[in-house]
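Thanks for asking me to look through this one with you. My notes follow as numbered points, with strand pairing and charged side chains as the main topics.

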Amino acid sequence: MPFITFKEGNIAYTEKGKGRAIIFLHGFMESSEIWNDYASALSARYRIVCIDLPGHGHSSHRDDHAYWPAENAVAVEAAVRELAPGARVPSRRACRLCRRR
């Protein structure tokens, strides 16, 4: 699994497809694997990037064990800047709303 280096560890991610990038983020105690079905469905039209937050999935654990939203937001910002500047980052709620339509 590819990764980017961030502070004291690595942020793992998967990439699939080509075109405009969409970044998917998982919730607490999950991993990027929850987005596999969406990534497969959308990768025909978009470049899908699924990030493992620090301490989750294949990403490194933080030495200070600080997995609060503010710390994770800094890591996500760094990942998005490197992997797909200008990408959209949908939430799980947004995906649920799309499925209803």
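1. A cut-off to keep in hand before we start: a residue is called buried under 20% relative accessible area, exposed over 50%, and partly exposed in between. By that scale E15, at 44% relative accessibility, counts as partly exposed. Please bear in mind throughout that this is a predicted model.

2. Let me begin at the N-terminal hairpin. Strand β1 covers residues 3–6 and strand β2 covers residues 9–16, and the two pair in the antiparallel sense over four bridges. Within that pairing, T5 has N10 in β2 as its bridge partner. Two residues lie between the strands of this hairpin, and K7 takes a positive phi near 50°. If you check backbone torsions, K7 is a residue to look up.

3. Strand β2 has a further partner. It pairs with strand β4 (residues 47–51), again in the antiparallel sense and over four bridges. Here E15 stands opposite V49 in β4.

4. Which residue does the side chain of E15 meet in a salt bridge? The partner is R47, with an N to O distance of 2.6 Å. This pair links distant parts of the chain, since R47 sits in strand β4 and E15 in strand β2, 32 residues apart. R47 has 18% relative accessibility and therefore counts as buried, whereas E15, at 44%, is partly exposed.

5. How many salt bridges does a search of the whole structure find? The search gives three, and the pair of R47 and E15 is one of them. Another joins R62 to D64, with the closest N and O atoms 3.0 Å apart. R62 is buried, its relative accessible area being 11%, while D64 counts as partly exposed at 47% relative accessibility.

6. There is also a salt bridge between R81 and E77, where the closest N and O atoms are 2.8 Å apart. Both residues belong to helix α2 (residues 69–83), and because they are four residues apart there, about one helical turn separates them. Is R81 buried or exposed? At 59% relative accessibility, R81 counts as exposed. Its partner E77 has 40% relative accessibility and so counts as partly exposed.

7. To put the arginines side by side for your own review: R47 is buried at 18%, R62 is buried at 11%, and R81 is exposed at 59%. Their acidic partners E15, D64 and E77 each count as partly exposed.

Note on methods
Residues are numbered from 1 along each chain as its sequence is written. This is a predicted model: local features need pLDDT of at least 70, side-chain atom pairs count only at pLDDT 80 or more; totals for chains, interfaces and linings use all residues. Side-chain values use heavy atoms; hydrogens and water are left out. Two strands pair if DSSP finds at least two bridges between them. A salt bridge is a side-chain nitrogen of Lys or Arg within 4 Å of a carboxyl oxygen of Asp or Glu. Buried means under 20% relative accessible area, exposed over 50%, partly exposed in between (1.4 Å probe, protein chains only).
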